[in-house]
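Okay, thanks for making time, everyone. I'd like to talk about how some helices pack in this one, so let me put it up.

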Amino acid sequence: MLYYHTSIEDTYEALGTGPKGLSRHEVELRLQKYGYNAIRIKSDPLWRKLAEPFINVFMLVLFIAVVISLFHHALFDAIIILVIMATSAVIYYVQRFTTERILRSLQKHTAQRVEVIRGGETRYIDDSELVPGDIIQLNEGDKIPADIRLITANTLRVDEAMLTGESVPVSKITNTLESKKEVYEQINMLFQGAFIVSGQATGVVVYTGNATEFGRIAALSRKSSDANTSPVQKKIDKLLGYIVMAVGGLAVGAFILATWRGIEFTEALRFVLALAVSAVPESLPVAISVILVLGMRRMAAKKALVRSMKAIETIGVITTIATDKTGTLTENKLSVQETWQPEKNPHHLPTIAHRTINHHGEHTRDPLDIAMIEFTEAEDLVQLKGEPIKKLPFNQAFSMSGNIWHHEGVYELVVKGAPEQVLDRSHLSTHDMKEAEKALQSLTSQGYRVIALATGSLKSPVEAFEELSSHHMFTFVGFLAVADTLRPTARRAITTAQLAGVTVRMITGDHFETAYHIGRQLGLIQSREQVFDSRLIGDLTDKQLQKRVESSFVFSRVTPENKFRILQALKIKEVTAMTGDGVNDVPALSSAHVGVAMGSGSQIAKDAGDIILLNNDFESIIRAMKEGRIIFSNIRRMLFYLLSTNTGEAATAVISIALGFPMPLSPVQILWVNLVTDTAMVIPLGLEPGEKHIMRMKPISPTAPLLSRYMIFRTVLVAVTMAVLAISMYAYFSLKYSADYGHTVTFCALVVMQWANAFNARSTFQSVFTRLKVINKSFYIGLTISVILQILAVFGPLQGLLNIHPIALGDLYTTSLIAFATPILVVEIHKFYGRRVIKDPQE
């Protein structure tokens, strides 16, 4: 029901209540019907939380590998793969528990006592016990506990920034409103979560809990299933799908080839299963989990709490940031930006401004008074002492408030208010009036909210503005231009994002002119054509909106529903991050690929966000983006490393069987290379420092593959090099000594080639010798661990388990040198070609 469109009497009737409120019995019935006044959001069930780390293509591939290993009676192989799956899940559970523990500390609820009328008596109850139909009384400073239709309003002004994004308090009335109104236009309603800045009010509760505007928006905070999969994960899943199909085709082809070669059926099946295991990058899920968790911890140290691992990888590939204005780009704090006075004005404007302040000092909630206090404190006003003898609260009809001062028998009324009203009641010549109107036009055209100041003498004090004579005129003093204070780092952060090829779009509830001028100040736009008035959004189809959104970088007069539609339009072609702090931002935070909430914002906004900026600094988003880009680059490095080495192993097996050779490696040796050597090197590759110019590169296209054609060619080049070397060594040493000798030499050579390829993978274009100057301690720690494990395998107690046979140290040294140098030489030639020819790293 549209209660703003309903008279007070009809509202009483619709809710079955009246001025005396509800009876105790009726309250109990309504509590049973509507429940307690609390926002309840359905969370994921426990089984979903437990299953979450296993619901992806990676885990499916690993599970298939376990089944194959058990079918093959390779219990040791199956156990290692199961340990990998369990490790990945444990990492996920630990990180989720840690994040949720921090969030619980942020969302401690403080109960609020409210004054209600029930059965004709005034009483105080907990706000959670409110029900529709309750008559509630509110005073200055109160937080509004439910959605309320106003019955009485005495100079009532309300801060609704958390709901609408407007920094300026809204004056409220009780009159019935005509026609359909947006939330920010419903001036006879109070909404849960807002604050009473000044005045008193009585109202009837119309909605509680999830039925409130706050609750309705909160219901949109749950992510859709599509939003739970990051763009990067989708690329990985797509690549894995190709790998699974390729491995399946390769396995079928290899089985046919093996049986054609006369290999016994069971042995051929054993060979194919080993081949399938060798081709799957089993260590990748753990490696990605580890580097994402370490990235999340680095971000936490920089005051950015990452709630899900997918967010840190996704923010590295974002192409646009859609940001709320209030509390994100600005401090949600009004300040005096400019002043103007007529020529030859005898009054000191800061002094008059000081005298108009409602002197509650630091206890006032009125953002305008706070701005004026800070403005006057910056001036030397130590000579001003005392308090006004009378305070006149804001009067809706006069559009002004004021204070009466008494000094040496003279009464002075000092007022601040709407410029038009103050000018109409001031002594001004025609010339001075035109000058004042010209100055007013200039200030308002810059998006400022303008406050006029005036003073006048009284014969005696008055209790209200209505007592002033209709002929009483003021002496006009000047204008104060106020606006929401921009964060000092906002412009710099936006410039950094733009240099990184990421567009920034500001979405605000402000008026068109205000939004335009703030956009200009931040460097977001150059012309009014780039600002979109969102009140027109209802007239546009989705396709028309998408086209309009592409050319707009500032959006004004945006409602939560409009913001949601804008985000949906952006997501069609962009990977989008959305920032916000209020209830009005919740639908968009939930809809975006990455939702970024401010730590000082509403709890529901933090619940909807993927990343929470504990220091409320927009620049932290840019730091998170840089961290995400480094992680994404490292995921590509790891993929190249694993795919090239695994493909090399698979190619070795297939070419061997095609040439009539036996398998150069046993299944357990393949597993050792895949799981032990790979894992020791792939995680350090995920911790490589970022390239110097990583924030000057354009973001990867949402439609671009995870690995570029350039890197796919390198992957094939390395795989072929490994296969040719491995088969050549196996053939040579098998003929010279024995098959077992050849097995061991090939096993050691493949491991050394993987070490060489790890050096290759450290950079895409940079020479391996240049990259040695970039220190990555974890890389050398991983290499040391891998070398020690390989020594234990070849010379230690693992010889029997891995089917290792003694070989001459001279042969080991020579083959290792060739195995290390050859892949590096091949890739160095390819990098040289890339530096000379490839202009776009994505190609």
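One bit of vocabulary before we start: when the angle between two helix axes is over 145 degrees, the pair counts as roughly antiparallel. Keep that in mind for a minute. And do remember that what you're looking at is a predicted model.

Quick overview. The protein comes with 29 helices and 21 strands. The C-alpha trace covers about 120 × 65 × 50 Å along its principal axes. Of the 843 residues, 56% count as buried. If you take contacts between residues at least 6 apart in sequence, 74% of them join residues at least 24 apart.

Now, helix packing. In general you describe two packed helices by the angle between their axes and the distance between the axes.

So, what angle do helix 25 and helix 29 make? It's about 160 degrees, and the axes lie 11 Å apart. Helix 25 and helix 29 are therefore roughly antiparallel to each other. The crossing is right-handed. On the helix 25 side, the contact includes Y710, F713, R714, L717 and V718; over on helix 29, the partners include D811, T815, I818, A819 and T822. By class, that contact breaks down as 13 nonpolar, 5 polar and 3 charged residues.

Let's stay on helix 29, residues 809-837. At 1.5 Å a residue, its 29 residues should span 42 Å, and the end C-alpha atoms are indeed 42 Å apart, so the two agree. Which residues of this helix are buried? Among them are D811, L812, T815, S816, A819, P823 and I824, and further along V827, E828, H830, K831 and G834. And what do the buried residues of helix 29 pack against? That would be helix 25, helix 26 (739-761), helix 27 (768-771) and helix 28 (777-795).

Back to helix 25, residues 709-736, because it has another partner: helix 23, residues 619-658. Here the axes come within 7 Å and cross at roughly 40 degrees, so helix 23 and helix 25 are oblique to each other. This crossing is right-handed. From helix 23, the contact residues include F640, L643, S644, G648 and A651; helix 25 brings in M711, R714, T715, V718 and A719, among others. The tally by class is 11 nonpolar, 7 polar and 1 charged.

One last thing to look for on screen: R714 and V718 of helix 25 turn up in the contact with helix 23, and also in the one with helix 29. Okay, over to you.

Definitions and conventions: Residues are numbered from 1 along each chain as its sequence is written. This is a predicted model: local features need pLDDT of at least 70, side-chain atom pairs count only at pLDDT 80 or more; totals for chains, interfaces and linings use all residues. Side-chain values use heavy atoms; hydrogens and water are left out. Axes are lines fitted to C-alpha atoms, for helices over the stretch in contact, and angles run from 0 to 180 degrees between N-to-C directions. Helices (H or I, at least four residues) and strands (E, at least two) are DSSP runs, numbered from the N terminus. Angles under 35 degrees count as roughly parallel, over 145 as roughly antiparallel, 65 to 115 as roughly perpendicular and the rest as oblique. A crossing is left-handed if the near helix is turned anticlockwise from the far one by less than a right angle, and right-handed if clockwise. Contact means heavy atoms within 4.5 Å. Ala, Val, Leu, Ile, Met, Phe, Trp, Tyr, Cys and Pro count as nonpolar, Asp, Glu, Lys and Arg as charged, and the others, Gly among them, as polar. The expected span of a helix is 1.5 Å times one less than its number of residues. Buried means under 20% relative accessible area, exposed over 50%, partly exposed in between (1.4 Å probe, protein chains only).
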